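Grab a pencil and work through these exercises one at a time. Try each task yourself before you read the solution under it.

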Amino acid sequence: MACASCSTSGGDAPKGCQNKGACGTDSCNKLAVFDWLSNMTLPGGQESFNGVEIRFKNGRKEFYRNTEKLSLSMGDIVATEAHPGHDIGIVSLTGELVKMQMKRKGVKPDAPDLPKIYRKASQRDIDIWAAAREKEEPMKVRAREIAIYLKLQMKLSDIEFQGDGSKATFYYTAEDRVDFRQLIKEYAREFSIRIEMRQVGFRQEASRLGGIGSCGRELCCSTWLTDFRSVNTSAARYQQLSLNPQKLAGQCGKLKCCLNYELDTYMDALKGFPDSETKLYTEKGEAVCQKQDIFKGLMWFAYTDNFANWHVLRIEQVKEIIEENKQKRKVSSLEDYAEDLSPTPEKVFSNPVGQESLTRFDQPRRKKRPNKKKGSGPEGAAVGTERKEPRPPKPQQQSRPQGERPQNNRPPQAQAGNPTEKNDNPNRNRDGRNRNRNNRRKNNNRGDEPKN
């Protein structure tokens, strides 16, 4: 739920509240809680609960007691009790809903050891807090270099400064126990500040840092998920998922928490299925289950001596065969009960609302036509309408005696040397060229003979 200042009006771009993480409705923060009791008034004479939920960096939340009876609302920046000094946080929840959150987290509402809120943060407190936050990123880079130099098997994920800048908490993850006594000495010498080391799990690290999951949305652990339940591979088996660690693992390297979201629905659907380890006994041999389709209620079976051919059966048919086997009777074969799952033809839907094709404005492609002369009719004939006269047949060549030269039957214009006229007999030209070439060769060979 977005706050009113972030909404759009009149189709313009979003305005943005520009509160830099201190949104009054707390809808822009990590692990935000909607106060659905904010518009409800308490009965007369009853005081509201003095517990307050304060949010710190990266979604870390703590409960404090409002002993000074300050008028607090969601988004106020307050100075809280810390050891030593004080810390700066943002109010994320007030009123009776805090009592329910404390019961959910296992904190007693009437616990006397709850820290208290000092006051609303002044401008000087906010400036010191902002200056301390700016030091965290360069300090994290240097702290990682020191840990690598000491060859410690750990990963430094985040640094959080206290609001007054007197202490820094280093969050790290490690597979085994780490001896960081020398590391703390190096950090204290390098940064000249009080150091506190805190080890967190891989899921807690992902929830603090945040990120984008494979679904394209922000991580559940960094937006709304507060309790981390154990996830095992049996959840993937019940949902018929491939046991691929690269697809089942999240940003933290562990199994995704979303595998538990639909597990109960799959468990309820599998109650109507026979056991996947059940064998069917037929006259052709034993058959074992190879695959299940929970949504369609189908099961695939194959003979033990031929796993290549699968036969699909419905749940009712499988149960019928099991009842026959319980009475010490075998069915003839699975083919008698198999279903035909041939692909159904695609449905042709009508167009009731008059929708048209997206390419209705595209012009069709024009075919390339050969270059032809335009017709010369009285009204201008179209291209290519001119008819061509048929060519006259070629005259047949008569046989001539040996040694007689052929007669030149070309028309007078061709004999006069008209360059535009083409020879109709290409063989005659070819013969002439060959004869001239032979004459030149003979003359070259007789070059030594005297001329007459």
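**Exercise 1.** In which sense do strand 6 and strand 7 pair, and over how many bridges?

*Solution.* Before we start, a word on what you're looking at: this is a predicted model, where local features need pLDDT of at least 70, side-chain atom pairs count only at pLDDT 80 or more, and totals for chains, interfaces and linings use all residues. Residues are numbered from 1 along each chain as its sequence is written, and side-chain values use heavy atoms, with hydrogens and water left out.

Step 1: find the strands. Helices (H or I, at least four residues) and strands (E, at least two) are DSSP runs, numbered from the N terminus. Strand 6 covers residues 155–161, and strand 7 covers residues 167–173.

Step 2: check the pairing. Two strands pair if DSSP finds at least two bridges between them. Strand 6 and strand 7 have six bridges and are antiparallel. Leu156 has Tyr172 of strand 7 as its bridge partner, and Phe161 has Ala168.

Step 3: look at the turn. Five residues lie between the two strands of this hairpin, and Gly165 takes a positive phi near 75° there.

**Exercise 2.** Work out the strand order of the sheet that holds strand 7, and say which strands stand at its edges.

*Solution.* Step 1: add strand 8. Residues 194–199 make up strand 8, which runs parallel to strand 7 and is joined to it by six bridges. One bridge pair here is Tyr171 with Arg198 of strand 8.

Step 2: write the order. The open sheet has three strands in the order 6-7-8, with mixed pairing. Strand 6 and strand 8 are the edges: each has a single partner strand, so one side of each has no neighbour in the sheet. On average, neighbouring strands are turned by 25° against each other, direction ignored. (For angles, axes are lines fitted to C-alpha atoms, for helices over the stretch in contact, and angles run from 0 to 180 degrees between N-to-C directions.)

Step 3: place the helix. Helix 4 packs on this sheet and touches strand 6, strand 7 and strand 8 (contact means heavy atoms within 4.5 Å), and its direction makes about 140° with that of strand 8.

**Exercise 3.** How many residues of strand 7 are buried?

*Solution.* Step 1: get the cut-offs. Buried means under 20% relative accessible area, exposed over 50%, and partly exposed in between (1.4 Å probe, protein chains only).

Step 2: count. Seven of the seven residues of strand 7 are buried.

Step 3: split them by face. One side has Lys167, Thr169, Tyr171 and Thr173, the other has Ala168, Phe170 and Tyr172, and both faces are covered.

Step 4: zoom out. Of the 452 residues in the protein chain, 30% count as buried.

**Exercise 4.** Now take the sheet of five strands: find its order and its edges.

*Solution.* Step 1: the order is 2-1-4-3-5, in an open sheet with antiparallel pairing.

Step 2: the edges are strand 2 (61–65) and strand 5 (117–120), each with a single partner strand, so one side of each lacks a neighbour in the sheet. Here the neighbouring strands are turned by 45° against each other on average, direction ignored.

Step 3: pick one pair. Strand 3 (residues 77–81) pairs with strand 5 over three bridges, in the antiparallel sense, and Ala79 sits opposite Arg119 of strand 5.

Step 4: add the helices. Helix 1 (residues 96–105) packs on the sheet and touches strand 1 (51–55), strand 2 and strand 4 (86–94). Helix 2 (residues 123–134) packs on the sheet too, touching strand 3, strand 4 and strand 5. The direction of helix 2 makes about 105° with that of strand 4.

**Exercise 5.** Which residues of helix 1 are buried, and what do they pack against?

*Solution.* Step 1: list them. They are Leu97, Val98, Gln101 and Met102.

Step 2: look down the axis. The buried residues of helix 1 fall within an arc of 145°, so they line one face of the helix. (The arc is that of the directions from the helix axis to the C-beta atoms.)

Step 3: find the partners. These buried residues pack against strand 1, strand 2 and strand 4.

Step 4: see what comes next. Gly106 follows helix 1, and its phi is positive, near 80°.

**Exercise 6.** Is Thr94 buried or exposed?

*Solution.* Step 1: locate Thr94, which is in strand 4.

Step 2: apply the cut-off. With a relative accessible area of 17%, Thr94 is buried.

Step 3: name the contacts. Leaving out residues up to four places away in sequence, Thr94 touches Asp35, Val52 and Leu72.
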